[in-house]
Amino acid sequence: MTEQFIIAPSILSSDFLHLGDVLQTCKTAGADWIHIDVMDGQFVPNLTMGAFIVEACKRGTDLPLDVHLMVENPENLLQAFAKAGAANLTVHVETCPHLHSTLQEIKSLGCKAGVTLNPGTPAESIFPVLNMVDLVLIMSVNPGFSGQSFLPESVAKVAKIREKLDALGSSAWLEVDGGISSETLPKMIAAGANAFVAATAIFKHSHGIATGIAALRDL
Ligand code: DX5
Ligand code: ZN
């Protein structure tokens, strides 16, 4: 059996005037998930999308919606995002004093539960919940904006989490987010990642979205 890899375009860098077309182009080009970056201007220094965008995307595509919550007190928003159509709900360990129960809550809402951590947060901080998550997201930039430079130290963090997931016999997705490109994606595959978020490499590709997705897929 060949291993499955997920390409998840982050619509943060897409043209919101044409969101429906963007979603269709992503699907036709072979995207697997649509990554939606929710930022509150508090946990991260940027303000982006609420549940209503997830609801609009749900009407625009049947691809699973991979929702990355970069917000303080995410537990207050889980229900709204689940209702809007999120398939995956990923929370930051830095924002969750009751991480275990927050992940349980995500599952009880019928979504896949994801956990993520900032570049400055040690891998060990999520070890206690690795056996219960469906997805681990490793940030390879500091969250807040697309178009930032890849942080090379995140490769070792992916390898560390891969080792731990394998030891647990977990089939959770190991997703990476930030500065993913034709240059950095192979390093993340080698370290054990199997899901790849990209905004700039797809939506700012000089030959368009489909070529951007194909270039990553071909790797
Ligand atoms: C950053 C977001 C990312 C971002 C990735 O906070 O979580 O999903 O859109 O953008 P690129 O691929 O340009 O680094
Ligand atoms: Zn993201």
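Student: What volume does the largest pocket have?
Tutor: In this predicted model, the largest pocket has a volume of about 300 Å³.

Student: How many residues line the largest pocket, and which lie nearest its centre?
Tutor: The lining is made up of 24 residues. Those nearest the centre of the pocket are Ser146, Gly147, Gly178, Gly179 and Thr200.

Student: Which elements give two or more residues to that lining?
Tutor: Strand S2 (34-39), strand S8 (195-198) and helix H7 (200-203) do so.

Student: And by class, what does the lining have?
Tutor: The lining of the largest pocket has 12 nonpolar residues, 10 polar residues and two charged residues.

Student: Turning to the zinc ion (ligand 2), what are its protein donors?
Tutor: They are His35 through NE2, Asp37 through OD, His68 through ND1 and Asp177 through OD. These donors lie 2.0 to 2.3 Å from the zinc ion.

Student: How are the donor residues spaced in sequence?
Tutor: For the zinc ion (ligand 2), the spacing of the donor residues reads H-x1-D-x30-H-x108-D. Asp37 belongs to strand S2 and Asp177 to strand S7 (residues 173-177), so this pair ties together parts that are 140 residues apart in sequence.

Student: Are those two aspartates, Asp37 and Asp177, buried or exposed?
Tutor: Asp37 is buried, because its relative accessible area is 5%, under the 20% cut-off. Asp177 also counts as buried, at 8% relative accessibility.

Student: Lastly, what is the geometry of the site of the zinc ion (ligand 2)?
Tutor: The site is octahedral, with six donor atoms and angles of 70 to 168° among them.

Technical notes: Residues are numbered from 1 along each chain as its sequence is written. Chains are lettered from A and ligands numbered from 1 in the order in which they are written. This is a predicted model: local features need pLDDT of at least 70, side-chain atom pairs count only at pLDDT 80 or more; totals for chains, interfaces and linings use all residues. Side-chain values use heavy atoms; hydrogens and water are left out. On a 1 Å grid over the protein atoms alone, a cavity is a set of points where a 1.4 Å probe fits but cannot get out, and a pocket is an open set with protein on both sides within 12 Å along at least five of seven lines; lining residues have an atom within 4 Å of a point. Grid points are joined across faces, edges and corners, and a volume is the space filled by probe spheres set on the points. Helices (H or I, at least four residues) and strands (E, at least two) are DSSP runs, numbered from the N terminus. Ala, Val, Leu, Ile, Met, Phe, Trp, Tyr, Cys and Pro count as nonpolar, Asp, Glu, Lys and Arg as charged, and the others, Gly among them, as polar. Donors are N, O and S atoms within 2.8 Å of the metal (3.2 Å for Na, K and Ca); water is not among the atoms, so sites may look incomplete. Four donors count as tetrahedral if all angles lie between 85 and 135 degrees; four count as square planar and six as octahedral if opposite donors are over 155 degrees apart and all others between 65 and 115; anything else is irregular. Buried means under 20% relative accessible area, exposed over 50%, partly exposed in between (1.4 Å probe, protein chains only).
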